[in-house]
Every structure is written in structure tokens, then in C-alpha cells.
Amino acid sequence: MDKGSTGMTRQARYEALVRAWHRDLYRYAYWLAKDPHIAEDLVQETCLRAWRSLDSLQDDKAAKAWLITILRRENARRFERKQFDHVDIDDGEWEDKTRPSEEASMEQRWLHRQIAALSPEYREPLVLQVLAGFSGDEIAQILDLNKNTVMTRLFRARAQLKEALDTAATSGGQQYGRS
């Protein structure tokens with residue numbers, strides 16, 4: 001958005017961007033960090049960097065991808081600065097504000113474990129598409145990949161999840177913890 005054409009100040013532009021994308025940033029940060037406090041810190045750092053480089057954002061339609069890219073880089077910086085203890089993925093808590101049935105809850109936890117078990121090259125584009133709602137072009141831009149590569153990885157990620165689901169279904173639901 002050009003200040004001259006709309007009369008919007010830099011601060012008002014920034015506040016509008018934060019209001020529009022804060023929830024998506026937090027959701028993605030939480031997915032990356034698996035910790036609400038770290039996710040909040042990542043979003044804060046992302047907002048700070050966004051403020052500092054707001055003039056580099058040429059088109060507000062690209063703001064979501066721009067902010068997610070900043071968030072991903074902030075998350076990477078977190079690992080550059082400090083070594084963290086490794087935690088088994090099964091120990092992670094998955095935040096869910098709704099109260100699904102016990103069966104649906106088990107299936108959801110199973111699906112989260114399956115997604116987490118995907119290799120990062122398949123998991124990251126899938127999470128960006130499903131959780132953040134990015135298109136193939138936007139994911140390619142964020143991950144600095146060719147769009148065809150992104151689409152192939154999305155296809156393979158879904159195929160791996162479908163295979164795991166089919167295996168669970170043929171085993172009579174044992175994968176979900178049902179007997």
C-alpha cells in the first residue's frame with residue numbers, strides 16, 4: 001500500500017497488518033515451536049522485524065507470505081543461538097480449543113503424529129497449505145522452491161498420510177487406540 005495514494009501512515013499500515021495476520025502467525029509459530037511461550041516470542045520478534053523493514057513490503061497482498069517468511073527465519077535463528085533438549089514428538093501437547101468426541105480426539109492426535117512423522121521436506125509445505133492456507137505459488141516463494149517441487153511434495157505428503165490412514169483402517173482402527 002502506498003502511503004501517498006491512501007494517506008495511511010506507516011504505523012497504521014503496520015497495525016493493520018498485525019491485526020490481519022496475528023492469529024495465522026501465532027498458529028504457525030505454535031506448530032513450529034510446540035510451545036505457546038516460544039510461539040509468542042517468535043510472533044513478537046516477527047512483528048519487530050516486520051516493523052523495522054515495513055518499507056520493503058511493496059505489495060500488501062503479499063504481506064502474509066512476507067510475515068511467514070520472517071517467522072520461519074526467526075525460528076531458524078532460535079536454533080542458531082541456542083541448543084535445545086530434544087523431546088519425543090509423542091510427548092508434545094497439541095492445543096485444541098474445541099471439545100471433540102473422544103474418538104475424534106484420538107483420531108486428531110493420530111493425524112498430528114502422522115504429520116509430525118513426515119520428513120520436513122514434506123511436512124513443511126503441507127503445514128503451510130493446510131494450517132496457513134497458502135497457495136502452491138506462495139509456498140514456493142516462502143520455501144524458495146520451484147512451484148512444481150512444492151506441488152510434488154504436497155502430493156507425496158498426502159499420499160503418505162493416505163497410506164497411513166489405509167493401513168490404520170485395515171488394521172481395524174488399532175492405530176487410533178480403538179479395539
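A helix here is a DSSP run of H or I at least four residues long, and helices are numbered from the N terminus. With that in hand, we can walk through this predicted model, beginning with Asp 24, a residue of helix 2.

Is Asp 24 buried or exposed? Its relative accessibility is 14%, and buried means under 20%, so Asp 24 counts as buried. The side chain of Asp 24 has a partner: a polar contact of 2.5 Å joins it to the side chain of Arg 27.

Let us step back for the overall plan. The protein has 8 helices and 0 strands, and from the N terminus on its elements read α-α-α-α-α-α-α-α. Of the 179 residues in the protein, 32% are buried. Among contacts with a separation of 6 or more, 63% are between residues 24 or more positions apart. Some pairs of this kind will turn up further along our route.

Back near our starting point, helix 2 covers residues 10-33 and helix 3 covers residues 36-52, and Lys 34 is found in the loop between them. Lys 34 counts as partly exposed because its relative accessibility is 27%. What does the side chain of Lys 34 reach? It comes to 2.2 Å from the backbone oxygen of Trp 31. The backbone of Lys 34 deserves a look too. Most residues other than glycine have a negative phi. Lys 34 is not a glycine, yet its phi is positive, at about 60 degrees.

A second residue invites the same kind of look. Asp 144 sits in the loop between helix 7 and helix 8. This residue, also other than glycine, has a positive phi near 55 degrees. Asp 144 is exposed, because its relative accessible area is 69%.

Now for the two helices on either side of that loop. Helix 7 spans residues 136-143 and helix 8 spans residues 147-170; they pack with their axes 8 Å apart, at an angle of about 105 degrees. Angles of 65 to 115 degrees count as roughly perpendicular, and helix 7 and helix 8 are therefore roughly perpendicular to each other. Which residues make the contact? Helix 7 brings Gly 136, Asp 137, Ile 139 and Ala 140, while helix 8 brings Lys 147, Val 150, Met 151 and Leu 154. Sorted by character, the residues of this contact are 5 nonpolar, 1 polar and 2 charged.

Helix 8 is worth following from end to end. At its start, a side-chain oxygen of Asn 146 reaches to within 2.6 Å of the backbone nitrogen of Asn 148. From there the helix runs for 24 residues, and the distance from its first C-alpha to its last is 34 Å, close to the 34 Å expected at 1.5 Å a residue. Which residues of helix 8 are buried? They are Val 150, Leu 154, Ala 157, Leu 161, Ala 164 and Ala 168. To read that list, it helps to recall that an α-helix has 3.6 residues a turn, so residues three or four places apart point the same way.

Let us pick one residue from that list. Ala 164 lies in helix 8 and counts as buried because its relative accessibility is 16%. Leaving aside neighbours within four places in sequence, Ala 164 is in contact with Trp 110 and Gln 114. Leu 111 is 53 residues away from Ala 164 in sequence, while in space the two are 9.3 Å apart, C-alpha to C-alpha.

Another residue of that list, Ala 157, leads us to helix 6. Arg 123 lies in helix 6, which covers residues 120-130. The C-alpha atoms of Arg 123 and Ala 157 are separated by 6.8 Å, although the two residues are 34 residues apart along the chain. Arg 123 counts as partly exposed because its relative accessibility is 22%. Setting aside neighbours within four places in sequence, Arg 123 is in contact with Ile 115, Ala 116 and Leu 118.

Key:
Residues are numbered from 1 along each chain as its sequence is written. This is a predicted model: local features need pLDDT of at least 70, side-chain atom pairs count only at pLDDT 80 or more; totals for chains, interfaces and linings use all residues. Side-chain values use heavy atoms; hydrogens and water are left out. Axes are lines fitted to C-alpha atoms, for helices over the stretch in contact, and angles run from 0 to 180 degrees between N-to-C directions. Helices (H or I, at least four residues) and strands (E, at least two) are DSSP runs, numbered from the N terminus. Angles under 35 degrees count as roughly parallel, over 145 as roughly antiparallel, 65 to 115 as roughly perpendicular and the rest as oblique. Contact means heavy atoms within 4.5 Å. Ala, Val, Leu, Ile, Met, Phe, Trp, Tyr, Cys and Pro count as nonpolar, Asp, Glu, Lys and Arg as charged, and the others, Gly among them, as polar. Buried means under 20% relative accessible area, exposed over 50%, partly exposed in between (1.4 Å probe, protein chains only). A polar contact is a pair of N or O atoms within 3.5 Å; within protein, one must be able to donate a hydrogen and the other to accept it, and residues adjacent in sequence count only if both atoms are side-chain atoms. The expected span of a helix is 1.5 Å times one less than its number of residues.
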